[in-house]
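User: Could you walk me through this structure and explain why you use the words you use?

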Amino acid sequence: MNKFRILIAVMSLTLAAFPSGAQLLDDYSHIRGNHYFGWAQDEQTIRRELGFGKSIGMNSTRICLYYRRYKMNPEGYLTSFRNYVRIAHSMGISVMPIIWDGCSLDPAILKPEFWKKEGDPYVKHLISFMEGEPGIICWDVMNEPSCNAYHDQCSSEEEHLAHRAEIFAHVRHYCELVKKLDKVNPITVGVQFASNLEAASPDLVDIITFHDYLPTEARVEESWKTAEAVAEKYGKPLMNSETGCTGRGNPYELAIGKCYEHGCGFYAFELMIHGHFGPIHGFFYPDGTIRDPSIITSFMGLTRNRDLNTMIKENANMEHHVEKALLQASEALTLNMADPDTANAMLEAAEYCANMLEGNQLVPMWEPPTARIRQLRGMPPSGQRNWEIRTFLYELAETLRKNSMML
């Protein structure tokens with residue numbers, strides 16, 4: 001009997017030492033994730049869009065919960081959230097939910113009186129509502145605590161330090177509360193910069209996560225070194241939970257390539273091309289088409305060759321097809337504009353030139369020539385359309401001649 005009691009006591013101490021339970025892993029390098037704004041849509045749309053990600057190896061999503069939306073309809077909001085987690089889980093995709101969002105920070109939530117009256121009840125309701133759901137990989141207690149005007153736009157350094165302390169006190173309070181309420185799922189805090197990791201309760205979180213939107217390889221690498229040092233110091237696994245932005249000089253090839261290079265799991269931003277962030281973020285359009293193949297290949301761990309010593313550049317005219325395309329274009333440009341077949345002949349010549357340009361990387365793909373050809377083919381016949389096609393064909397042929405260095 002005494003041996004049995006000793007065994008129970010040892011087991012209790014062991015469980016107390018590992019509050020995050022069996023779901024906490026030593027390594028998250030297998031994570032290939034994406035942020036996903038569309039989680040609150042209908043099931044058919046969710047399954048279709050998650051399917052796009054799954055087709056390229058996506059196995060996790062990071063989503064943001066908003067207290068203001070919860071407050072309008074607590075049960076309905078959490079039911080929608082739980083439905084999403086279940087849909088994703090059924091597809092083999094885990095979910096990292098964000099409880100508080102620093103980017104949309106209302107300073108009122110930082111006050112202890114708010115915690116007691118509204119914040120703590122919200123988090124307790126959230127955790128209890130999701131108890132037993134297997135689809136959560138971890139809770140992100142707060143997304144980018146320092147990414148807001150309350151932190152950055154202060155009238156003095158003293159005010160800045162006071163606001164910063166207030167924000168990270170909020171982070172610590174909810175790290176402690178979530179760990180107290182949920183003994184199964186790990187927690188993290190996705191900080192805006194690796195330099196903020198020491199302020200984001202690294203002693204409490206189970207996974208060290210940081211974001212990277214820096215514009216050069218050297219600066220990205222420095223960020224990784226900082227993050228790895230913090231992870232090693234506290235003996236915690238590491239992930240990059242948000243990265244990739246074409247509008248910040250942080251292309252996906254660089255950002256995700258560094259994640260592979262450092263052997264770390266990651267979440268890119270963002271699965272879909274839409275809304276406010278559409279011009280500088282995103283993998284897929286709603287119809288499943290993509291913006292840039294390099295984004296997709298980088299997610300899969302592939303990168304283009306940038307070694308000038310080993311690179312074999314395209315020779316567009318190796319089999320004399322530049323000459324053939326230019327000859328076809330020249331002949332099409334001499335056709336009778338009144339002939340109804342002339343438009344099709346010019347478009348065929350234009351597509352020949354366009355395919356030579358695009359296939360041999362001789363033209364920017366911001367607006368692919370083949371996209372313009374598709375648009376012209378869809379226009380109703382008219383004299384104006386014919387002249388637009390003729391002008392476009394002439395410009396395309398000249399671009400091919402110039403960019404393929406034809407003499």
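Analyst: Sure, starting with a histidine: the side chain of His 281 reaches the backbone oxygen of Phe 269 at 3.0 Å. This is a predicted model, where local features need pLDDT of at least 70 and side-chain atom pairs count only at pLDDT 80 or more, while totals for chains, interfaces and linings use all residues. Residues are numbered from 1 along each chain as its sequence is written, and side-chain values use heavy atoms, with hydrogens and water left out.

User: Where is His 281 placed?

Analyst: You'll find His 281 in the loop between β9 (265-268) and α10 (293-299).

User: What makes His 281 buried?

Analyst: Buried means under 20% relative accessible area, exposed over 50%, and partly exposed in between (1.4 Å probe, protein chains only). His 281 has 3%, so it counts as buried.

User: And how do you know that the structure has zero disulfides?

Analyst: A disulfide is a pair of cysteine sulfur atoms within 2.5 Å, and a search of the whole structure finds none. Take Cys 138: the closest cysteine sulfur, in Cys 175, is 11 Å from its own, so that is too far for a bond. For Cys 154, the closest cysteine sulfur is in Cys 147, at 14 Å, again too far for a bond.

User: Why is Cys 154 called partly exposed, and is Cys 138 buried or exposed?

Analyst: Cys 154 has a relative accessible area of 21%, so it is called partly exposed. Cys 138 has 0% relative accessibility, so that one counts as buried.

Notes
Helix = DSSP H or I, 4+ residues; strand = E, 2+ residues; numbered from the N terminus. Polar contact = N/O pair within 3.5 Å; in protein donor to acceptor, adjacent residues only side chain to side chain.
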